Amino acid sequence: MADWLGPLPVEALHGIGPRQAQTLRDYGVHCVGLLAAVPPATVQRLLGGRAGRQAADRARGIDPRPVAPRALPASASVSRTFPRHTLDGAAVRAALLDLVVTLAHQLRGRGQAARGLTLTLRFAGGTTWEKTRRLPEASAHDDDLRTPAYRLIDAAGLQRGRLTGITLKGDDLVAAGRVAEQISFDGAREARLVAEEASDRIRAKFGPGAIRPATTLLRVS
């Protein structure tokens, strides 16, 4: 039996209802640890054959039911809204960089990588613009997502378009374990990846906003 199960009340076990819990308490069995110490045959006499057998097994940490892992979603998105109509410029680029960093960190935390990016821009008046770009290789690194994200917003040709919001979505996600790590002789990139790992540790300890690129301080949302 797992140590943490012992002090729990018997009704904390899956399958033990109020009437069964009361029956066990009437016989002095009020916690899972005591239930685990009772011979299974005795538990079956108290609760009935199948119910007693399941209760005795689960009290000992035995549960043969198969565990079906939840499938991770095939996409992930992050959004920012602007409190007032905003023209393309430093504030918009800062918001986009913040979305890149946030999305990449989210993907790394879930053990996934994106094969594509979709940028959606929302304009005053309710119109939207959307474009998708495939990545050369699936990735969840800030560097690898930032360049295509900038190319996407450049492709929008915003000029005087007044933005009200922006969404960046990672498409066609795959498990990070399926992404091959290429040997790189680019020292600058390797240094950035080391810094990225350090940043992730800082965020894990102090919160997602504990560290971010200085440029994102210009964000307007």
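**Figure 1. Overall fold: seven helices and five strands make up the secondary structure of the protein.** Helices are DSSP runs of H or I with at least four residues, strands are runs of E with at least two, and both are numbered from the N terminus. The order of elements from the N terminus is α-α-α-α-β-α-β-β-α-β-β-α. Of the 221 residues, 36% count as buried, where buried means under 20% relative accessible area, exposed over 50% and partly exposed in between, with a 1.4 Å probe and protein chains only. The model is predicted: local features need pLDDT of at least 70, side-chain atom pairs count only at pLDDT 80 or more, and totals for chains, interfaces and linings use all residues. Residues are numbered from 1 along each chain as its sequence is written, and side-chain values use heavy atoms, with hydrogens and water left out.

**Figure 2. Close-up of the crossing between helix α3 (residues 40–47) and helix α4 (residues 49–59).** The two axes come within 7 Å and cross at roughly 135 degrees; axes are lines fitted to C-alpha atoms, for helices over the stretch in contact, and angles run from 0 to 180 degrees between N-to-C directions. α3 and α4 are therefore oblique to each other, a class left over once angles under 35 degrees are called roughly parallel, over 145 roughly antiparallel and 65 to 115 roughly perpendicular. The crossing of α3 past α4 is right-handed (near helix turned clockwise from the far one by less than a right angle; anticlockwise would be left-handed). Gly 52 lies in α4 and, at 0% relative accessibility, counts as buried. Its C-alpha atom is separated by 8.0 Å from that of Ala 41, eleven residues apart along the chain.

**Figure 3. Close-up of Gly 161 in the loop between α6 and β4 (163–171).** Gly 161 counts as buried because its relative accessibility is 17%. A C-alpha separation of 7.0 Å links Gly 161 with Phe 123, 38 residues apart along the chain.

**Figure 4. Close-up of the second largest pocket, with about 240 Å³ of space.** A pocket is an open set of points on a 1 Å grid over the protein atoms alone where a 1.4 Å probe fits, with protein on both sides within 12 Å along at least five of seven lines; lining residues have an atom within 4 Å of a point. The volume is the space filled by probe spheres set on the points, which are joined across faces, edges and corners. Of the 17 lining residues, Asp 142, Arg 192, Ala 195, Glu 196 and Ser 199 lie nearest the centre. α5 (90–110), α6 (142–155) and α7 (187–206) each supply at least two lining residues, and α7 gives the largest share, seven residues. The lining divides into six nonpolar, two polar and nine charged residues (nonpolar: Ala, Val, Leu, Ile, Met, Phe, Trp, Tyr, Cys and Pro; charged: Asp, Glu, Lys and Arg; polar: the others, Gly among them).
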